[in-house]
Amino acid sequence: MKSKRILVAPSVLSADFSEIGSVVEKLRHTEADMIHCDVMDGHFVPNITFGAKFVKDLRQHTSLPLDIHLMISDPGKYADDFIDAGADCISFHIEAVKDCESLIRRIRSADVECGLAISPDTDVEKAAEYLSLLNKVVLMSVYPGFGGQKFMESAYGRMCKLKNMISESGANTLVEVDGGVSFSNACDIVEGGADILVAGNAVFGSDDMGKAISELKSAKRK
Ligand code: DX5
Ligand code: ZN
């Protein structure tokens, strides 16, 4: 059976923000499929990163899709700002929103892809009713808030459950695994059903980010 190509999304959280324009320009010469941008508000998660202005500025430096991961308390309030900034996909947390369906519909009606992110302690079952509306589910394999954390082994069971839910629903929702992805666990994560690997430290902590991305991209189902 021909193995499926894995998509790799370098997370700029681990890059040097003072050089971010040239960093994302360099990504054009790699096999990166999109650029993962972690937006944190110091309230939903205990860390602060950047907002829509940063994303708008990044947009000037790359034609790669911008994959926005909102780790903020009121994503509905800011979704339009990220749409206007040039986001290609916006993911928000299921734990942060009461009416997920209307926010998903609002994002998609702006012709922007939508993902639903699920923190480690949330039952993936909660995403079941939204699968057919979503482009992807972002399965968190660390507690959101910081780069460079250790992959939580509990993610394998959650991924398995999520994959079964997706196949039962007949939807073609992708699974993006975010947090602690490394060269040593990438094959297992892909084997577990990931379609997209987010990688911060593995890419920006290496001497050769192009090589690091290629290595992650060649992770195959056994
Ligand atoms: C964590 C972020 C991740 C993070 C991944 O809250 O959502 O996207 O940047 O970084 P690594 O790959 O270093 O765990
Ligand atoms: Zn993220």
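This is a guided tour of the structure, stop by stop, with something to select at each one. Keep in mind that the model is predicted.

**Stop 1: the nonpolar core**

Start inside. Select Leu27, Ile68, Ile90, Phe92 and Leu162: within the largest nonpolar core, which has 71 residues, these five touch the most other members. Now colour helix H5, residues 154-169, which gives the most to this core, with 5 residues.

Stay with Leu162 for a moment. Which residues does Leu162 touch, once those up to four places away in sequence are set aside? Show Val124, Leu131, Val137, Leu139 and Val175, and you have them.

**Stop 2: the largest pocket**

Next, turn on a surface and look for the largest pocket, which holds about 260 Å³ of space. To centre the view, select Phe146, Gly147, Gly148, Gly179 and Gly180, the residues nearest the pocket's centre among the 26 that line it.

Which elements each supply at least two residues of this lining? Colour strand S2 (35-40), strand S3 (66-71), strand S8 (196-199) and helix H7 (201-204) to see them. If you then colour the lining of the largest pocket by residue type, you should find 12 nonpolar, 12 polar and 2 charged residues.

**Stop 3: the second largest pocket**

Move on to the second largest pocket, with a volume of about 170 Å³. Its lining is made of Val39, Met40, Asp41, Phe50, Gly51, Ala52, Ile72, Ser73, Asp74, Tyr78, Asp81 and Phe82. Two elements give two or more residues to this lining, namely S2 and helix H3 (75-85). H3 has the largest share, at 3 residues. By type, the lining of the second largest pocket splits into 7 nonpolar, 2 polar and 3 charged residues.

**Stop 4: salt bridges**

Now switch to charged side chains. Side chains of opposite charge can pair when their charged atoms come close. How many salt bridges does the structure hold? There are 10, and three of them are worth a visit here.

*Asp80 and Arg106.* Select this pair and check the closest N and O atoms, which are 3.2 Å apart. Asp80 sits in helix H3 and Arg106 in helix H4 (residues 100-109), so the bridge ties together parts that are 26 residues apart in sequence. Both ends are partly exposed: Asp80 has a relative accessible area of 40%, and Arg106 has one of 32%.

*Lys136 and Glu176.* Here the N to O distance is 2.6 Å. Lys136 belongs to strand S6 (residues 136-140) and Glu176 to strand S7 (residues 174-178), so this pair links parts that are 40 residues apart in sequence. Are the two partners buried or exposed? Lys136 is buried, with a relative accessible area of 3%, and Glu176 is buried too, at 0%. Add Asp67 to your selection, since Asp67, Lys136 and Glu176 are linked in a network of salt bridges.

*Asp195 and Lys163.* These side chains meet in a salt bridge at 3.7 Å, N to O. Asp195 is in the loop between helix H6 (186-191) and S8, while Lys163 is in helix H5, so the pair ties together parts that are 32 residues apart in sequence. Asp195 is buried, with a relative accessible area of 6%, whereas Lys163 counts as partly exposed at 25%.

**Stop 5: two loop residues**

Zoom to Thr49, in the loop between S2 and helix H2 (52-59). Thr49 has a relative accessible area of 19% and counts as buried, because the cut-off for that label is under 20%. Show its contacts: leaving aside neighbours within four places in sequence, Thr49 meets Leu13, Asp38, Val39 and Met40. You can also draw a C-alpha to C-alpha line from Thr49 to Gly180; the two are 131 residues apart in sequence and 19 Å apart in space.

Finish at Asp111, in the loop between H4 and strand S5 (113-118). What is the phi of Asp111? It is positive, about 70 degrees, although Asp111 is not a glycine. Asp111 is exposed, with a relative accessible area of 73%.

Terms used: Residues are numbered from 1 along each chain as its sequence is written. Chains are lettered from A and ligands numbered from 1 in the order in which they are written. This is a predicted model: local features need pLDDT of at least 70, side-chain atom pairs count only at pLDDT 80 or more; totals for chains, interfaces and linings use all residues. Side-chain values use heavy atoms; hydrogens and water are left out. A nonpolar core is a set of buried Ala, Val, Leu, Ile, Met, Phe, Trp, Tyr and Cys residues joined through side-chain atoms within 4.5 Å. Buried means under 20% relative accessible area, exposed over 50%, partly exposed in between (1.4 Å probe, protein chains only). Helices (H or I, at least four residues) and strands (E, at least two) are DSSP runs, numbered from the N terminus. Contact means heavy atoms within 4.5 Å. On a 1 Å grid over the protein atoms alone, a cavity is a set of points where a 1.4 Å probe fits but cannot get out, and a pocket is an open set with protein on both sides within 12 Å along at least five of seven lines; lining residues have an atom within 4 Å of a point. Grid points are joined across faces, edges and corners, and a volume is the space filled by probe spheres set on the points. Ala, Val, Leu, Ile, Met, Phe, Trp, Tyr, Cys and Pro count as nonpolar, Asp, Glu, Lys and Arg as charged, and the others, Gly among them, as polar. A salt bridge is a side-chain nitrogen of Lys or Arg within 4 Å of a carboxyl oxygen of Asp or Glu.
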